[in-house]
2 protein chains.
Amino acid sequence: MSTDSRKRAPIGVFDSGVGGLTVAREIARQLPNENIVYFGDTARVPYGSKSQNTIIRFSEQIIRFLKTKEVKAIVIACNTASALALDAVHNEFDVPVMGVVIPGARAAVEATQNRRVGVIGTDATVQSGMYTKVIQSMAPDVTVVEKACPLFVPLVEEGFKDHVVTREVIEYYLESMRDSGIDALILGCTHYPLLRSKIREYMGEKIQIVNPAYETAMDLKKLLYEEKMENDGSTREHSRYSFYVSDAAEKFRRFANTVMPFDVPTTNVVNIEEY
Amino acid sequence: MSTDSRKRAPIGVFDSGVGGLTVAREIARQLPNENIVYFGDTARVPYGSKSQNTIIRFSEQIIRFLKTKEVKAIVIACNTASALALDAVHNEFDVPVMGVVIPGARAAVEATQNRRVGVIGTDATVQSGMYTKVIQSMAPDVTVVEKACPLFVPLVEEGFKDHVVTREVIEYYLESMRDSGIDALILGCTHYPLLRSKIREYMGEKIQIVNPAYETAMDLKKLLYEEKMENDGSTREHSRYSFYVSDAAEKFRRFANTVMPFDVPTTNVVNIEEY
């Protein structure tokens, strides 16, 4: 690929479903000249209860699909796949791949004053202990408290965001976290920012809530600059965003229109098992 | 296949995950001479939020896998796949395939006195309207009230069965059902029998709770008898049950040991996408 066509190549972003749209939105905001190809694995969602081997296989299929779209870099916009598959796929493909765990961990290390950080995420993410490993490799003096909150995703997806039940589930999961003395809490799942105000209300104003999406977009910006792959926008008319899913395109499209700051006119279905 | 080896051939039973074990248990109870091959699609669970095309494709792959085990009949022990895929796969394979919806519907028609039946299930099952279609083809005078309860599955899987939150979610979903005047309620998802006592407590003693598993085992018995495929047990030592999953075999095996009335020593992982 020529340097110019490489600059114009899109960023690949993928997630198990719709959650990663919050990361794609942040990339669109911070890097307005870049084109994005988004893939949501809606046929096999959720990833948070599945094994590492399966999540690696799914991630490899998706990366092979995104490579057919000539992407210049790939962002795993899913905490579970970032925690369990990034190490495996990182050197397997001839395209840079980054996740959300390292940027999220760095943001928390910068945010904590008392050197106690909390992490909430899916079963698979928490069982991997990846946030703890990454944080302690950056700052060995930081204590990390991890807690899986597997009901948060279905509560968000079923529209229980403002129901009293959600407040009770938050208390059930986070009571020990609140008492643990942390002063920074990583939302280690892309669905959780949608519960941010409820979590903040329960945890209190003194705890800094860290959403890895912003830091991830900033890391991507740095990568593109260092690799001289930034799209300077000189030849573009306007940025192009395309959306692919493995199932239920219309449902995804409706959700995407509530998250993205522009109209999402179409979503395409891909048989991802063929990749 | 000779008549004798056909009689000794196993029954294939499949589900999106662990829920169908309640159906396999009923088959083992009612047909103690039969061998069973169970497949749980744990890599792609749940099915209840996915599209019909995807559920048909998944079901076809699983039936092709079960056919490699020389099964003589297949039971779709998943309400969602029964509702959305049975019609499509029914005549596609040279092995009889049955689901849980028709037996469950028949049991409810027999149970109702006031000709008002309720059905609870996943989004996909309820949106298909299949229970209503089947019940009204059997008994046009019966009114059917369907209601999706998508949070029940994650609540069961996350161990919230006895938590106060579950009582509140039951009330949220079933208040209108309780006020609708039904006198029979189909548990149209294989996870729901695990909430049976809580649902009964909320709905009251006057409402008959229908679990399609028993009726399904009875329909299978009738099919085997009519097709002269019953295993009379004359050549067997003891019945054999084997368990296959698409992911997380050890987690499945532990759960299976809490459901099945015998020891489940091993579970095998299959890459189902290759079928």
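This is a walk through a predicted model of two chains, A and B, starting where they meet and ending with some backbone details.

Let's begin with the interface. Chain A brings 32 residues to the contact, and chain B brings 32 residues as well. Putting the two together buries an area of about 2,400 Å², with carbon and sulfur atoms giving 54% of that area. On the polar side of the ledger, 14 residue pairs are in polar contact across the interface of chain A and chain B, both partners being at pLDDT 80 or more.

Which helices of chain A each supply at least two residues of the side that touches chain B? They are helix H3 (52-67), helix H8 (152-157) and helix H9 (164-178). H9(A) gives the most to this side, with six residues. If you sort the residues on the side of chain A that touches chain B by character, you find 15 nonpolar, eight polar and nine charged.

Charged residues bring us to the salt bridges. The count over all chains is 30, and between chain A and chain B it is four. One of the pairs to look up is Glu273(B) with Arg44(A), where the closest N and O atoms are 2.7 Å apart. Glu273(B) sits in the segment after strand E10 (268-269) of chain B, while Arg44(A) belongs to the loop between strand E2 (36-40) and H3 of chain A, so this salt bridge joins two chains. Another pair to find on screen is Arg57(B) and Glu273(A), whose side chains meet in a salt bridge with an N to O distance of 4.0 Å. Under a rule that asks for a nitrogen within 4 Å of a carboxyl oxygen, the reported 4.0 Å is a value to keep in mind for Arg57(B) and Glu273(A).

Now turn inside chain A, to the way two helices pack. Two packed helices are described by the angle between their axes and the distance between the axes. For H3(A) and helix H4 (residues 79-89) of chain A, the axes come within 9 Å and cross at roughly 70°. Angles of 65 to 115 degrees count as roughly perpendicular, and therefore H3(A) is roughly perpendicular to H4(A). From H3(A), the contact uses Gln52(A), Ile55(A), Ile56(A), Ser59(A), Glu60(A) and Ile63(A). H4(A) answers with Thr80(A), Ala81(A), Leu84(A), Ala85(A), Ala88(A) and Val89(A). By character, the residues of this contact divide into eight nonpolar, three polar and one charged.

Finally, the backbone. Most residues other than glycine have a negative phi, and most peptide bonds are trans. Against that background, the peptide bond from Val45(A) to Pro46(A) is cis, with omega near -5°. Pro46(A) lies in the loop between E2 and H3 of chain A. In chain B, a cis peptide bond joins Val45(B) and Pro46(B), with omega about -5°, and Pro46(B) is in the loop between strand E2 (36-40) and helix H3 (52-67) of chain B. Lys228(B) is not a glycine, yet has a positive phi of about 50°; look for Lys228(B) in the loop between helix H11 (212-226) and strand E9 (241-245) of chain B.

How values were computed
Residues are numbered from 1 along each chain as its sequence is written. Chains are lettered from A and ligands numbered from 1 in the order in which they are written. Side-chain values use heavy atoms; hydrogens and water are left out. Contact means heavy atoms within 4.5 Å. Buried area is the accessible area (1.4 Å probe) that two parts lose on being put together, summed over both. A polar contact is a pair of N or O atoms within 3.5 Å; within protein, one must be able to donate a hydrogen and the other to accept it, and residues adjacent in sequence count only if both atoms are side-chain atoms. Helices (H or I, at least four residues) and strands (E, at least two) are DSSP runs, numbered from the N terminus. Ala, Val, Leu, Ile, Met, Phe, Trp, Tyr, Cys and Pro count as nonpolar, Asp, Glu, Lys and Arg as charged, and the others, Gly among them, as polar. Axes are lines fitted to C-alpha atoms, for helices over the stretch in contact, and angles run from 0 to 180 degrees between N-to-C directions. Angles under 35 degrees count as roughly parallel, over 145 as roughly antiparallel, 65 to 115 as roughly perpendicular and the rest as oblique.
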